[in-house]
Amino acid sequence: NCPRCASKSSMVRERFLVEAPKSFVVSLVWPTRAPKAASTWALVAAVEPFLDPASVFQYDNRMGKLKRMAFRGLVCFGGRHYVATFWNWSQRCWTVFNDKNV
């Protein structure tokens, strides 16, 4: 059942790959113009550093096994500036780049 409208119909989402992706991009839109920093960090903390495309997409088995993809970072635009967050592999933590603090 749809959690938003309580419809009894089942929700179906289909994503089918026709070739193995070289990169994977996710676009998120906040429901507010000024999300709280805690909400942003909660989202970043919930993101796993690796994605198995087979867990998200259907694909033709003739392509062979899909390689795991590494999440590198994200770029956010809010107000009049950008904030980028990227995974630092050597320190095993997220690093924030904020153009407000340049």
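Me: Why does Gly-64 count as partly exposed?

Reply: The relative accessibility of Gly-64 is 30%, and because a residue is called buried under 20%, exposed over 50% and partly exposed in between, the label that fits Gly-64 is partly exposed. This value, like the others discussed here, is computed from a predicted model. Gly-64 sits in the loop between strand E3 (58-59) and strand E4 (69-70).

Me: How far apart are Gly-64 and Ala-20, in sequence and in space?

Reply: Along the chain 44 residues separate Gly-64 from Ala-20, while from C-alpha to C-alpha the separation in space is 9.1 Å.

Me: Strand E4 also holds Met-69; what makes Met-69 buried?

Reply: Met-69 has a relative accessible area of 13%, and since buried means under 20%, Met-69 is classed as buried. Leaving aside neighbours within four places in sequence, Met-69 is in contact with Pro-21, Lys-22, Ser-23 and Phe-24, and also with Pro-49, Phe-50, Leu-51 and Pro-53. Asp-52 lies 17 residues from Met-69 in sequence and 6.4 Å from it in space, taken from C-alpha to C-alpha.

Me: Why is Thr-85 called buried or exposed, and on what value does that rest?

Reply: Thr-85 is buried, because its relative accessible area of 6% falls under the 20% cut-off that defines the class. Thr-85 belongs to strand E6, and, with residues up to four places away in sequence not counted, it touches Trp-41, Val-44, Arg-72, Gly-73, Leu-74, Trp-94, Thr-95 and Val-96.

Me: How many residues of the protein chain are buried, as a percentage?

Reply: Of the 102 residues in the protein chain, 13% are buried. The accessible surface of the chain comes to about 8900 Å², with 55% of that belonging to carbon and sulfur atoms.

Me: What makes strand E6 and strand E7 a pair?

Reply: Two strands pair if at least two bridges are found between them, and strand E6 (residues 81-88) is joined to strand E7 (residues 93-98) by six bridges, so the condition is met. The two strands run antiparallel. Among the bridges, Val-83 has Asn-98 in E7 as its partner, and Asn-88 has Cys-93 in E7.

Me: What else does Asn-88 touch, apart from residues up to four places away in sequence?

Reply: Asn-88, a residue of strand E6, touches Cys-93 and also Thr-95 when residues up to four places away are not counted. Its side chain and the side chain of Ser-90 come to 2.8 Å of each other, and because a polar contact needs a suitable pair of N or O atoms within 3.5 Å, that distance satisfies the cut-off and the pair is called a polar contact.

Me: Which residue in the turn between E6 and E7 has a positive phi?

Reply: E6 and E7 form a hairpin with four residues between them, and the residue with the positive phi in this turn is Arg-92, at about 55 degrees. Arg-92 has this phi although it is not a glycine. That deserves a remark because most residues other than glycine have a negative phi.

Me: How do you know whether Arg-92 is buried or exposed?

Reply: The relative accessible area of Arg-92 is 56%, and since exposed means over 50%, Arg-92 is classed as exposed. It lies in the loop between E6 and E7.

Me: Why does Trp-30 count as partly exposed?

Reply: At 33% relative accessibility, Trp-30 falls between the 20% and 50% cut-offs, and therefore counts as partly exposed. Its place is in the loop between strand E1 (16-17) and helix H1 (37-46). Neighbours within four places aside, Trp-30 is in contact with Pro-35, Ser-39, Thr-40 and Leu-43. One of these, Thr-40, is 10 residues away in sequence and 9.5 Å away in space, C-alpha to C-alpha.

Me: Which residues make the nonpolar surface patch of about 440 Å²?

Reply: The patch is made by Phe-24, Val-26, Leu-28, Trp-30 and Leu-43. For Trp-30 the accessibility criterion can be followed directly, because patch residues must have over 30% relative accessible area and Trp-30 has 33%.

Me: What is the order of the elements from the N terminus on?

Reply: The chain runs β-α-β-β-β-β-β-β, and its secondary structure comes to one helix and seven strands. Among contacts between residues at least 6 apart in sequence, 31% join residues at least 24 apart.

Technical notes: Residues are numbered from 1 along each chain as its sequence is written. This is a predicted model: local features need pLDDT of at least 70, side-chain atom pairs count only at pLDDT 80 or more; totals for chains, interfaces and linings use all residues. Side-chain values use heavy atoms; hydrogens and water are left out. Buried means under 20% relative accessible area, exposed over 50%, partly exposed in between (1.4 Å probe, protein chains only). Contact means heavy atoms within 4.5 Å. Accessible areas come from the Shrake-Rupley method with a 1.4 Å probe; for residues, only the protein chains shown count as cover. A polar contact is a pair of N or O atoms within 3.5 Å; within protein, one must be able to donate a hydrogen and the other to accept it, and residues adjacent in sequence count only if both atoms are side-chain atoms. Patches are made of residues with over 30% relative accessible area and no salt bridge: like charges are joined within 9 Å, nonpolar side chains (Val, Leu, Ile, Met, Phe, Trp, Tyr) within 5 Å. A salt bridge is a side-chain nitrogen of Lys or Arg within 4 Å of a carboxyl oxygen of Asp or Glu.
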